[in-house]
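User: I am new to reading protein structures and would like to go through this one step by step. Could you answer some questions about what holds its parts together?

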Amino acid sequence: QVQLVESGGGLVQAGGSLRLSCAASGRIFSINAMDWYRQAPGKQREWVASITNAGNTNYVAAVKGRFAISRDNAKNTAYLQMNSLKPEDTATYYCSIEARTTGTRTSNYYWGQGTQVTVSS
């Protein structure tokens with residue numbers, strides 16, 4: 001019912017920047033929070049950033065001041081601007097949204113397939 005497609009990952013040198021996008025489609029009635037997570041090899045998935053439908057943002061301490069999450073509600077799209085990238089930012093980045101689909105009264109969480117970000121030293 002809801003599909004998420006991430007894009008924008010790639011290989012970048014330390015200190016560089018990338019901008020990730022997450023486009024949601026399907027029978028979407030409304031989207032509450034939009035989040036970014038990441039999972040490095042051999043590690044658990046960790047939350048990175050979130051943005052509410054009112055535009056309030058939160059970040060994990062490791063990325064504060066370097067990453068910026070934003071959203072375009074008209075396009076049902078979330079973005080993650082990543083600056084001053086470090087090798088430890090290397091991971092697969094996943095988008096997750098809390099959304100309500102048409103004809104329902106409750107929200108569910110949906111996940112994208114992930115996009116790889118590799119930062120070389």
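User: Which residues have the most contacts inside the largest nonpolar core?
Analyst: This is a predicted model, and the answers below describe what was computed from it. As a general background, nonpolar side chains tend to be buried together in soluble globular proteins. The largest nonpolar core here has 32 residues, and those with the most contacts inside it are Leu 4, Trp 36, Phe 67, Leu 80, Met 82, Tyr 93 and Ile 97.

User: Which strand gives the most to this core?
Analyst: Several strands take part, for strand 1 (2-7), strand 3, strand 4 (28-39), strand 5 (46-51), strand 7 (67-72), strand 8 (77-82), strand 9 and strand 11 (115-120) each supply at least two residues of the core. With 5 residues, the strand that gives the most to this core is strand 9.

User: With which residues is Met 82 in contact, leaving aside its neighbours within four places in sequence?
Analyst: Met 82 is among the residues with the most contacts inside the largest nonpolar core, so it is useful to list its partners with the neighbours within four places in sequence left aside. On that basis, Met 82 is in contact with Gly 16, Ser 17, Leu 18, Leu 20, Arg 66, Phe 67, Tyr 93 and Val 117.

User: Is Met 34 buried or exposed?
Analyst: Met 34 lies in strand 4, and, not counting residues up to four places away in sequence, Met 34 touches Ala 49, Ser 50, Ile 51, Ile 69, Arg 71, Asn 76, Thr 77, Ala 78, Ser 96 and Ile 97. A residue is called buried when its relative accessible area is under 20%. Because the relative accessibility of Met 34 is 1%, Met 34 counts as buried.

User: Which residues form the disulfide, and how many residues apart are they?
Analyst: A disulfide is a covalent bond between the sulfur atoms of two cysteines. The structure holds 1 disulfide, formed by Cys 22 and Cys 95, whose sulfur atoms are 2.1 Å apart. The pair links distant parts of the chain, with Cys 22 in strand 3 (residues 18-26) and Cys 95 in strand 9 (residues 91-101). The two residues asked for are therefore Cys 22, buried at 0% relative accessibility, and Cys 95, likewise buried at 0%, and they are 73 residues apart.

User: What is the handedness of the link between Cys 22 and Cys 95?
Analyst: The handedness is given together with the angle about the S-S bond, which is -75° for the link of Cys 22 and Cys 95. With that angle, the link is left-handed.

User: Which residues are linked in a network of salt bridges?
Analyst: Side chains of opposite charge can pair when their charged atoms come close. A search of the whole structure finds 3 salt bridges: Glu 46 meets Arg 38 at 2.6 Å, N to O, Arg 38 meets Asp 89 at 2.9 Å, and Asp 89 meets Arg 66 at 2.8 Å. Arg 38 appears in the bridges with Glu 46 and Asp 89, while Asp 89 appears in those with Arg 38 and Arg 66. The network therefore links Arg 38, Glu 46, Arg 66 and Asp 89.

User: Why does Glu 46 count as partly exposed?
Analyst: Partly exposed covers the range between under 20% (buried) and over 50% (exposed). Its partner Arg 38 counts as buried because its relative accessibility is 6%, whereas Glu 46 counts as partly exposed because its relative accessibility is 32%.

User: Which backbone nitrogen lies 2.9 Å from a polar atom of the side chain of Thr 90?
Analyst: Thr 90 has its place in the loop between strand 8 and strand 9, and Thr 90 is buried, with a relative accessible area of 19%. Its side chain reaches the backbone oxygen of Pro 87 at 2.9 Å. The backbone nitrogen asked for, also 2.9 Å from a polar atom of this side chain, is that of Val 119.

User: Which residue's backbone nitrogen does the side chain of Thr 115 reach?
Analyst: Thr 115 is found in strand 11 and is buried, with a relative accessible area of 11%. Not counting residues up to four places away in sequence, Thr 115 touches residues including Glu 6, Ser 7, Gly 8 and Gly 9. At 3.2 Å, its side chain reaches the backbone nitrogen of Gly 9.

Terms used:
Residues numbered from 1 in each chain as written. Predicted model: local features only at pLDDT ≥ 70, side-chain atom pairs only at ≥ 80, totals over all residues. Heavy atoms only, no water. Disulfide = S-S within 2.5 Å. Helix = DSSP H or I, 4+ residues; strand = E, 2+ residues; numbered from the N terminus. Buried < 20%, exposed > 50% of the residue type's maximum accessible area, 1.4 Å probe, protein only. Core = buried A, V, L, I, M, F, W, Y, C linked by side-chain atoms within 4.5 Å. Contact = heavy atoms within 4.5 Å. Salt bridge = Lys/Arg side-chain N within 4 Å of Asp/Glu carboxyl O. Polar contact = N/O pair within 3.5 Å; in protein donor to acceptor, adjacent residues only side chain to side chain.
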